Amino acid sequence: MDKAVLRKWLEAGYIDEGTLFESRAGTPQGGIISPVIANMALDGLEAAVHASVGTHRLARTRAQLNVIRYADDFVVTGISKEVLESQVLPAVRQFMAARGLELSEEKTRITHISEGFDFLGQNVRKYDGKLLTKPAKKSIKSLVDKVRGIIKGNASTTQEDLIHKLNPVIRGWAMYHRHSVAKATFSLVDSHIWRLLWRWALRRHPSKGAQWVKDRYFRSDGRRSWVFATKGSADSNTDGVRLFHSNMVAITRHTKIRAQANPFDSMWDAYFARRRTAKRSAGLPGATPWC
């Protein structure tokens with residue numbers, strides 16, 4: 001990359017409500033532009049990985065190397081532990097050192113696919129020879145901990161306000177994992193959240209019986225009972241609000257976009273139109289152009 005342009009860009013500052021603010025320290029980690037810079041810095045990683053086993057086409061085919069990269073997180077798969085350990089890993093370290101970067105020793109490990117690994121909140125593992133991608137245990141724990149914190153921090157709030165705080169968190173997590181093998185995990189997460197809410201309701205009314213608490217905070221909705229929801233108002237003709245359950249999200253398999261597809265090239269217009277039509281029929285995001 002052109003480092004002079006990058007340096008000017010990082011020090012250009014930003015404007016908020018008509019006021020210019022300096023940004024001498026660069027971009028914050030986790031900021032919206034951070035993944036772009038990471039992608040620029042790691043451009044060429046794939047070529048370095050493939051070159052680590054030699055330039056001969058047969059050698060590269062036998063090594064079965066693949067690189068999956070998202071910003072500064074990446075996975076390299078290969079035919080054997082020996083190839084990854086003795087050839088690929090040194091080449092990756094050398095590639096990064098030339099850019100002033102280094103691998104995180106804590107996050108870097110070589111493992112067999114039957115043991116699996118976590119990547120971007122998903123666990124990738126082969127079960128009896130079948131590759132399955134499921135929500136990672138750390139991701140599940142992070143969600144439950146966040147929900148627990150919201151519930152504990154709103155011990156005296158109204159049920160409606162609590163539902164409004166919880167729903168975006170649960171929905172966002174479930175939508176992120178909807179392309180994985182997550183149906184059983186969704187049910188498990190909903191069960192954890194239900195227990196947290198039941199304890200929240202009981203603590204609010206220590207002198208009331210369990211049946212009274214159930215009738216106060218939980219409703220029946222079709223075949224589903226024990227739904228954490230408020231009552232609607234007959235006077236104002238309004239429905240109550242209900243807690244979002246992650247297993248309400250349908251599991252939909254993601255269709256990978258073709259690598260050569262370019263939305264700015266008119267020859268791919270028909271291809272993108274078909275993808276939008278398929279998403280629209282499935283009710284998925286991205287059904288409109290530029291989404």
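**Hairpins, a buried helix and a surface patch**

Strands β3 (residues 66-70) and β4 (residues 73-77) run antiparallel and are joined by five bridges. The structure described here is a predicted model. Within this pair, Val-67 has Val-76 of β4 as its bridge partner. Two residues lie between the strands of the β3-β4 hairpin, and Ala-71, located in the turn, adopts a positive phi of about 55°.

Val-76 also takes part in the surroundings of Leu-84, a residue that it touches. Leu-84 belongs to helix α5, which comprises residues 81-97. With a relative accessible area of 13%, Leu-84 is classed as buried, because the threshold for that class is under 20%. Leaving aside residues up to four places away in sequence, the contacts of Leu-84 are Leu-65, Val-76, Thr-77, Gly-78, Leu-89 and Ile-110. Of these, Ile-110 is separated from Leu-84 by 26 residues in sequence, while the C-alpha to C-alpha distance between Leu-84 and Ile-110 is 7.6 Å.

A second hairpin is formed by β8 and β9. These strands likewise run antiparallel, with three bridges between them. Phe-218 is paired with Phe-228 of β9 as its bridge partner. Two residues separate the strands of this hairpin, and Gly-222 has a positive phi near 65°.

Both β8 (218-221) and β9 (224-228) are among the elements that cover the buried residues of helix α8. Helix α8 spans residues 183-204, 22 residues in total, and extends 32 Å from its first C-alpha to its last, close to the 32 Å expected at 1.5 Å a residue. Its buried residues are Thr-185, Phe-186, Val-189, Asp-190, Ile-193, Leu-196, Leu-197, Trp-198, Trp-200 and Ala-201. In an α-helix, residues three or four places apart point the same way, because there are 3.6 residues a turn. Such spacing can be followed in the buried set of α8, which includes Phe-186, Val-189, Ile-193, Leu-197 and Ala-201. In addition to β8 and β9, the cover over these buried residues includes β7 (130-135) and the helices α6 (137-152), α7 (159-176) and α9 (210-217).

A nonpolar patch is found on the surface, where Trp-9, Val-36 and Met-40 together present about 250 Å² of accessible area. Met-40 is located in helix α2, residues 34-41. The relative accessibility of Met-40 is 33%, and this residue therefore counts as partly exposed. Leu-84 of α5, by contrast, is buried.

Conventions: Residues are numbered from 1 along each chain as its sequence is written. This is a predicted model: local features need pLDDT of at least 70, side-chain atom pairs count only at pLDDT 80 or more; totals for chains, interfaces and linings use all residues. Side-chain values use heavy atoms; hydrogens and water are left out. Patches are made of residues with over 30% relative accessible area and no salt bridge: like charges are joined within 9 Å, nonpolar side chains (Val, Leu, Ile, Met, Phe, Trp, Tyr) within 5 Å. Accessible areas come from the Shrake-Rupley method with a 1.4 Å probe; for residues, only the protein chains shown count as cover. A salt bridge is a side-chain nitrogen of Lys or Arg within 4 Å of a carboxyl oxygen of Asp or Glu. Helices (H or I, at least four residues) and strands (E, at least two) are DSSP runs, numbered from the N terminus. Buried means under 20% relative accessible area, exposed over 50%, partly exposed in between (1.4 Å probe, protein chains only). The expected span of a helix is 1.5 Å times one less than its number of residues. Contact means heavy atoms within 4.5 Å. Two strands pair if DSSP finds at least two bridges between them.
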